[in-house]
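Me: I've got a structure open and I'd like to learn how to read its salt bridges and strands. Can you walk me through it?

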Amino acid sequence: MKRLLAMLACALPLAAQEPLTIDAAVRAALETHPLLAEGRQRVESARGQVRQAPLTFNPKLILQAENYRSWGTRPIQTSRETDDFAYLQQTFETAGKRGKRAELASRGLRAAELELEVLRRNVARDVSLAYWAALGAQKMHELLLESVRNFQKIVEYHEIRVREGAMAENDLLRVRLELGRIELAANNAALDAARARIELFRAMGRAEFPEVRFAEPLQAGADEPFSWNEQEALERRPEALLARQRVEQARANLVLQQANARPNVDALFGYKRSMGENTLIAGLQYDLPVLNRNQGNIQSAAAEIKAAEANLAATEAIIRAEVQAAAAEYQTRRRQIRELVGRLVEGAGETSQVAQAAYRLGGADLLRLLDAERLRIEIELVNYRAWMEYRQSQEVLAYALGVKP
């Protein structure tokens, strides 16, 4: 009965864990990550600028009275001795400033949308890498737990042999020490797995870090090798698109600043009452561009274009380097998986089986058995680590090429 209750206690938490695929983890991060919520609000702010930019000046209503006084010996006759004004004044923009402001705002909106795309890409990439790291750490922990259980059986076997007087107690102590070493390694692996799981949820933007059951297989079957093209990556990557948009935005700002150097025209029209006579007034106002021709803002805008062009060149160089580095890592990891690791695992497994059989028949000593088991465990860990790194290299190359998300 106790054993049944213990089994149920172990099974219930596992049953409560929802399987988590990598697509589900990325999708959840893209929906709820706080950084993306901030980016979406920046896009909304840019939309507000697009709405505001084409709006022009409101007309001014001016009510004005002159010649009033409260001193002197004779009271003023307001109907004949004051001048009263009521007129409208409207500013008319020249040089197409409204259209140029709207164009600049539109460029800013597109830049904000691309910034959001860059954030989405970075979040998805971090989650993907963290997912495979967490899955790999969990597999290595499970391997060491299984090794602990196997060594506990070996210890029990040696305890029986020692009690029967068929084996020296020194061999039992050596096996127990090996068991302790593996238990210590399993504890460290548990810590690594917990850290990797927490890092996964941190990358997803979560403030809670529950236990999780990974639904993806770490080791996959045959896969089609990636092909890569730097030029296609430059066309797809949001960082390159954003850098080009920054150049266009800077050029649009220069055009606007040059237009701002052209003064606007203010027109006024309205009513005037002076000396008891009702008349109309009309006029124009125009700022003479003698001292301020917006030369500082024009100079600043021209420099921003050069800065944006330099940033574009740097971004394209970085993307080319990332594609080359990711492709080299992917090729190396894939070759390790296909040509080296599988053969090592198979060889280590055969060596362990041969050593166990020889030991039971008395053809090998304890040290050879322990060495064979130690080698098998180390090769299995290398196998999981190689698959984890291969999976991560696939993600790194996919994101470097801009095919995800």
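Me: Is Arg 110 buried, exposed or partly exposed?

Reply: Keep in mind that this is a predicted model. The general idea is that buried means under 20% relative accessible area and exposed means over 50%. Arg 110 comes out at 36%, so it counts as partly exposed.

Me: Which side chain does Arg 110 meet in a salt bridge?

Reply: For a salt bridge, you look for a Lys or Arg side-chain nitrogen within 4 Å of an Asp or Glu carboxyl oxygen. Here Arg 110 meets Glu 113, with 3.5 Å from N to O. Both sit in helix H5 (residues 97-163), three residues apart, which is about one turn of the helix. Glu 113 has a relative accessible area of 25%, so this residue is partly exposed too.

Me: Okay, that one stays within a helix. What does Glu 230 pair with?

Reply: Glu 230 makes a salt bridge with Arg 320, and their closest N and O atoms are 3.0 Å apart. This pair links distant parts of the chain: Glu 230 belongs to helix H7 (residues 230-236) and Arg 320 to helix H9 (residues 295-360), 90 residues apart. As for accessibility, Glu 230 is at 21% and therefore partly exposed, and Arg 320 is partly exposed at 33%.

Me: And which residue forms a salt bridge with Glu 316?

Reply: That's Arg 244, with the closest N and O atoms 3.6 Å apart. Again distant parts of the chain are linked, since Glu 316 is in helix H9 and Arg 244 in helix H8 (residues 238-260), 72 residues apart. Glu 316 has 22% relative accessible area and is partly exposed; Arg 244, at 25%, is partly exposed as well.

Me: Which residues do shared salt-bridge partners join into one network?

Reply: Arg 121, Arg 237, Glu 239 and Glu 322 are joined that way. Across the whole structure there are 24 salt bridges.

Me: Now the strands. How many bridges join strand E2 to strand E3?

Reply: First the general idea: in a regular strand, side chains alternate between the two faces of the sheet. In this structure, seven bridges join E2 (residues 60-66) to E3 (residues 83-92), and the two run antiparallel. To find your place, start at Lys 60, whose bridge partner in E3 is Gln 89.

Me: What stands opposite Gln 89 in E5?

Reply: Leu 268 does. E3 and E5 (residues 265-274) are joined by 10 bridges and run antiparallel. Try tracing from Lys 60 to Gln 89, then on from Gln 89 to Leu 268.

How values were computed:
Residues numbered from 1 in each chain as written. Predicted model: local features only at pLDDT ≥ 70, side-chain atom pairs only at ≥ 80, totals over all residues. Heavy atoms only, no water. Pairing = 2+ DSSP bridges. Helix = DSSP H or I, 4+ residues; strand = E, 2+ residues; numbered from the N terminus. Buried < 20%, exposed > 50% of the residue type's maximum accessible area, 1.4 Å probe, protein only.
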